[in-house]
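Here is a short report on a protein model. Have the sequence and the coordinates open as you read.

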Amino acid sequence: MLELIAPTTRLRQAWLDAQSEWEPGDTMHGSGSDGWAELRTTDGFAAWVEHLLRMSDESVPTAPDRVHATYWWVVDGDTYLGAITLRHRLNDFLLRAGGHIGYGVRPSARGRGVATWALGQVLGHARAMGLPRVLITCRDANVASARTIEHNGGVLEDIRETEFGPTRRYWVNLRHQGA
């Protein structure tokens, strides 16, 4: 059964197993792992998990180029399937290219509706936070992600050139979605 859980050191090996499925240099979107070189060590992994949990605490200042964000792992029992992040607000970069929500599903779990389910769950959290609408982006060539966003009410605003190349920008109006 799919669940969203807070990141935890308990699933370190499951996370590492999932990471091994990505091609070298690929980003595990939504995981917040970019820039963390020491994830293979127990202490490094624990520090990263603590960082992810702290990012949702609005009372703790963030780095100037960061915003507060809540991270969840998508799991089935003790199997890590992916991650999804809800950024609490947009800075200039996120408005241009990154959006409020980022997600990634490990290659072996793709095509089973995991991302669609997780995005639907997180949209409920965004609504509960009082966000009237959220921006979700994906690379123009990522047809599966575009379908996931559209399935969850995303309306395409435009396709524009960003730091990631051609990027589809969708808005989901949370005022008109069911509770």
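Helices (H or I, at least four residues) and strands (E, at least two) are DSSP runs, numbered from the N terminus. This is a predicted model, in which local features need pLDDT of at least 70, side-chain atom pairs count only at pLDDT 80 or more, and totals for chains, interfaces and linings use all residues. Residues are numbered from 1 along each chain as its sequence is written, and side-chain values use heavy atoms, with hydrogens and water left out.

## Leu 11 and helix 1

Leu 11 sits in the loop between strand 1 (2-5) and helix 1. Three accessibility classes are used: buried means under 20% relative accessible area, exposed over 50%, and partly exposed in between (1.4 Å probe, protein chains only). Leu 11 counts as buried because its relative accessibility is 3%. Contact means heavy atoms within 4.5 Å. Not counting residues up to four places away in sequence, Leu 11 touches Ile 5, Trp 73, Val 75 and Asp 78. From Leu 11 to Val 49 the C-alpha distance is 10 Å, with their positions 38 residues apart in sequence.

Helix 1 covers residues 12-19, and its buried residues are Arg 12, Ala 14, Trp 15, Leu 16 and Ala 18. Their cover includes helix 2 (42-54), strand 2 and strand 3.

## Around helix 2

Thr 41 is in the loop between helix 1 and helix 2. Thr 41 is partly exposed because its relative accessible area is 34%. A polar contact is a pair of N or O atoms within 3.5 Å; within protein, one must be able to donate a hydrogen and the other to accept it, and residues adjacent in sequence count only if both atoms are side-chain atoms. A polar atom of the Thr 41 side chain lies 2.9 Å from the backbone nitrogen of Gly 44.

Glu 50 belongs to helix 2. Its relative accessibility is 42%, so Glu 50 counts as partly exposed. Glu 50 and Asp 26 are 24 residues apart along the chain, and their C-alpha atoms are separated by 23 Å.

## Two nonpolar cores

A nonpolar core is a set of buried Ala, Val, Leu, Ile, Met, Phe, Trp, Tyr and Cys residues joined through side-chain atoms within 4.5 Å. The largest one has 26 residues; Ile 84, Ile 101, Tyr 103, Leu 119, Leu 123, Val 134 and Ile 136 touch the most other members. Elements that each supply at least two residues of this core include strand 3 (79-87), helix 4 (114-128), strand 5 (133-139) and strand 7 (165-173). Helix 4 gives the largest share, seven residues. A second, separate core holds 20 residues, among them Leu 16, Ala 18, Val 75 and Ala 83.

Which residues does Ile 136 contact, leaving aside its neighbours within four places in sequence? They are Ile 101, Tyr 103, Leu 119, Leu 123, Ile 149, Arg 168, Arg 169, Tyr 170 and Val 172.

## Arg 168 and Asp 158

Arg 168 lies in strand 7. Arg 168 counts as buried because its relative accessibility is 16%. Beyond four places in sequence, its contacts include Ile 136, Cys 138, Glu 150 and Asp 158.

Asp 158 is part of strand 6 (residues 155-162). At 21% relative accessibility, Asp 158 counts as partly exposed. Asp 158 touches Thr 167, Arg 168 and Arg 169, not counting residues up to four places away in sequence. The C-alpha atoms of Asp 158 and Arg 168 are separated by 6.1 Å.

## Asn 91

Asn 91 is in the loop between strand 3 and helix 3 (92-98). Is Asn 91 buried or exposed? Asn 91 is buried, because its relative accessible area is 17%. Leaving aside neighbours within four places in sequence, Asn 91 contacts Asp 65 and Val 67.

The table gives polar contacts made by side chains.

| Side chain | Partner | Distance |
|---|---|---|
| Asn 91 | Phe 93 backbone nitrogen | 3.2 Å |
| Asn 91 | Leu 94 backbone nitrogen | 2.8 Å |
| Arg 168 | Tyr 170 side chain | 2.9 Å |
| Asp 158 | Arg 160 side chain | 2.6 Å |
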